[in-house]
Amino acid sequence: MTTGTIMAISIDPRLLQLASPALPVGAYSYSGGLEAAAEAGIVKDAASAQQWIGDVLEFAVARMEAPVFLRMMAGEVSRWNELFLASRETAELRAETVQMGYSLNRLLPDLGLSALELEEISFPAAFAHAASSWKIDPKDALTAYLWSWTENQVMAAIKAVPLGQTDGQRLLLALGSQVSRFVEEARLINYENLGNFAPGLAMLSTRHETQYSRLFRS
C-alpha cells in the first residue's frame with residue numbers, strides 16, 4: 001500500500017460502539033455463572049476457562065440467543081424478547097439481561113434512536129433494535145454481539161480465576177475464532193431446533209445466588 005492510499009472500511013463504527021466494553025450497561029458486573037464455576041473448582045486456569053466459556057457459547061448462546069437475536073433484527077421484537085426472557089434458567093441470569101437491556105434502551109434516545117416500548121427488555125432485544133435502526137447487516141450485528149459476550153466472559157475469568165492479561169488475550173483469540181461459525185449456524189436454526197440445554201450452567205447459577213463471597217452479580 002502506497003502512502004496516501006485510503007482503505008475502505010466496511011464495519012460500521014456504530015456497531016463497534018455497541019460491542020464496546022465502554023457501553024454503559026453494567027456488563028462488567030456480571031459473570032453469567034462463571035464466578036460460581038470458579039468457586040466450585042470447575043474453572044481454575046486458562047484451559048478450564050476456555051472449556052467453560054466455549055461450552056456455554058456453543059450449547060446455550062449459539063443455539064438460543066444467537067438465532068433469537070437474528071429474529072429480533074428481522075422484526076417481532078416483542079415476541080422474541082418474551083421467549084428469550086422465558087428461556088433464562090435462573091433469577092440471576094434473567095435479572096442480568098433485563099438490567100442490561102434496560103440500561104441500553106435508556107441510552108438509545110441519546111444516540112438518536114427510538115427506545116423500545118416494552119415492559120421488560122432483554123439485552124439482545126435492545127442491541128438488535130439499535131443495530132436494526134442503524135440498518136446494520138444482521139450477520140455483522142450478531143458477530144459483534146457474540147464477540148461482546150465472549151469478551152465479557154474472558155474479562156470475568158481474568159478477575160474470578162484469576163488469570164493474567166496475556167492469558168485473557170490467548171482466550172479471546174481461541175474463542176473468537178469460533179464466532180463466525182456460530183453466526184453462520186444461527187442463520188440455519190429453525191424454531192423447532194432452538195435450544196438452551198446447559199444444566200451445569202443453570203445449577204451453578206442457582207448456587208451463585210447464595211454464594212457467600214462474590215465479585216459479580218451473576
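**Pockets, a cavity and some helix packing**

The lining of the second largest pocket breaks down into six nonpolar, one polar and two charged residues. That pocket is one of several features to look at here, and keep in mind that this is a predicted model. There's also a bigger story in the largest pocket, with a volume of about 550 Å³, and a cavity count that comes to one at 30 Å³ or more. Helices H5 and H7 come up often below, so they're handy landmarks.

**The second largest pocket**

- Its volume is about 160 Å³.
- The residues that line the second largest pocket are Ile11, Leu15, Leu16, Ala19, Lys139, Asp140, Thr143, Ala144 and Trp147.
- H1 and H7 are the elements that give two or more residues to this lining.
- H7 supplies the largest share of the lining of the second largest pocket, with five residues.

**The largest pocket**

- At about 550 Å³, this is the largest pocket in the model, and 34 residues line it.
- Which residues of the lining are the closest to its centre? They're Glu96, Met100, Phe123, Trp149 and Asn152.
- The elements giving two or more residues to the lining of the largest pocket are helix H1 (13-19), H3, H5, H6 and H7.
- H7 gives the largest share here, with seven residues.
- Sorted by class, the lining of the largest pocket has 20 nonpolar, nine polar and five charged residues.

**The cavity**

- The largest cavity holds about 30 Å³ of space.
- Lining the largest cavity are Ala27, Tyr28, Tyr30, Asn152, Met155, Ala156, Lys159 and Phe216.
- Asn152 turns up in this list, and Asn152 is also among the residues closest to the centre of the largest pocket.
- Six nonpolar residues, one polar and one charged make up the lining of the largest cavity.

**How H5 and H6 pack**

- Helix H5 (residues 91-107) packs against helix H6 (residues 123-133) at an angle of about 30°, and their axes are 7 Å apart.
- Angles under 35 degrees count as roughly parallel, and H5 and H6 are therefore roughly parallel to each other.
- From H5, the contact is made by Thr97, Met100, Gly101, Leu104 and Asn105; from H6, by Phe123, Pro124, Ala126 and Phe127.
- In class terms, the contact of H5 with H6 has six nonpolar and three polar residues, and no charged ones.
- Met100 of H5 and Phe123 of H6 belong to this contact, and both are also among the residues closest to the centre of the largest pocket.

**Two residues of H5**

- Gly101 is in helix H5. Is Gly101 buried or exposed? Its relative accessibility is 0%, so Gly101 counts as buried.
- The C-alpha atoms of Gly101 and Phe123 are separated by 3.6 Å, although the two residues are 22 residues apart along the chain.
- Apart from neighbours within four places in sequence, Gly101 touches Ile121, Ser122, Phe123 and Ala126.
- Ser103 is in helix H5 as well. Ser103 has 17% relative accessibility, so it counts as buried.
- With neighbours within four places in sequence left out, Ser103 is in contact with Pro24 and Val25.

**A residue of H7**

- Thr150 has its place in helix H7 (residues 138-160).
- Relative accessibility drops to 0% for Thr150, so it counts as buried.
- What does Thr150 contact, leaving aside its neighbours within four places in sequence? The answer is Leu57, Leu172, Leu175 and Val179.

**H10 and the segment after it**

- In helix H10 (residues 199-208), the buried residues are Leu201, Ala202, Leu204, Ser205 and His208.
- The cover over these buried residues of H10 includes helix H2 (34-39), helix H3 (46-74) and H5.
- Ser213 sits in the segment after H10. Ser213 has a relative accessible area of 52%, so it is exposed.
- Ser213 and Tyr28 are 185 residues apart along the chain, and their C-alpha atoms are separated by 17 Å. Tyr28 is one of the residues that line the largest cavity.

Methods: Residues are numbered from 1 along each chain as its sequence is written. This is a predicted model: local features need pLDDT of at least 70, side-chain atom pairs count only at pLDDT 80 or more; totals for chains, interfaces and linings use all residues. Side-chain values use heavy atoms; hydrogens and water are left out. On a 1 Å grid over the protein atoms alone, a cavity is a set of points where a 1.4 Å probe fits but cannot get out, and a pocket is an open set with protein on both sides within 12 Å along at least five of seven lines; lining residues have an atom within 4 Å of a point. Grid points are joined across faces, edges and corners, and a volume is the space filled by probe spheres set on the points. Ala, Val, Leu, Ile, Met, Phe, Trp, Tyr, Cys and Pro count as nonpolar, Asp, Glu, Lys and Arg as charged, and the others, Gly among them, as polar. Axes are lines fitted to C-alpha atoms, for helices over the stretch in contact, and angles run from 0 to 180 degrees between N-to-C directions. Helices (H or I, at least four residues) and strands (E, at least two) are DSSP runs, numbered from the N terminus. Angles under 35 degrees count as roughly parallel, over 145 as roughly antiparallel, 65 to 115 as roughly perpendicular and the rest as oblique. Contact means heavy atoms within 4.5 Å. Buried means under 20% relative accessible area, exposed over 50%, partly exposed in between (1.4 Å probe, protein chains only).
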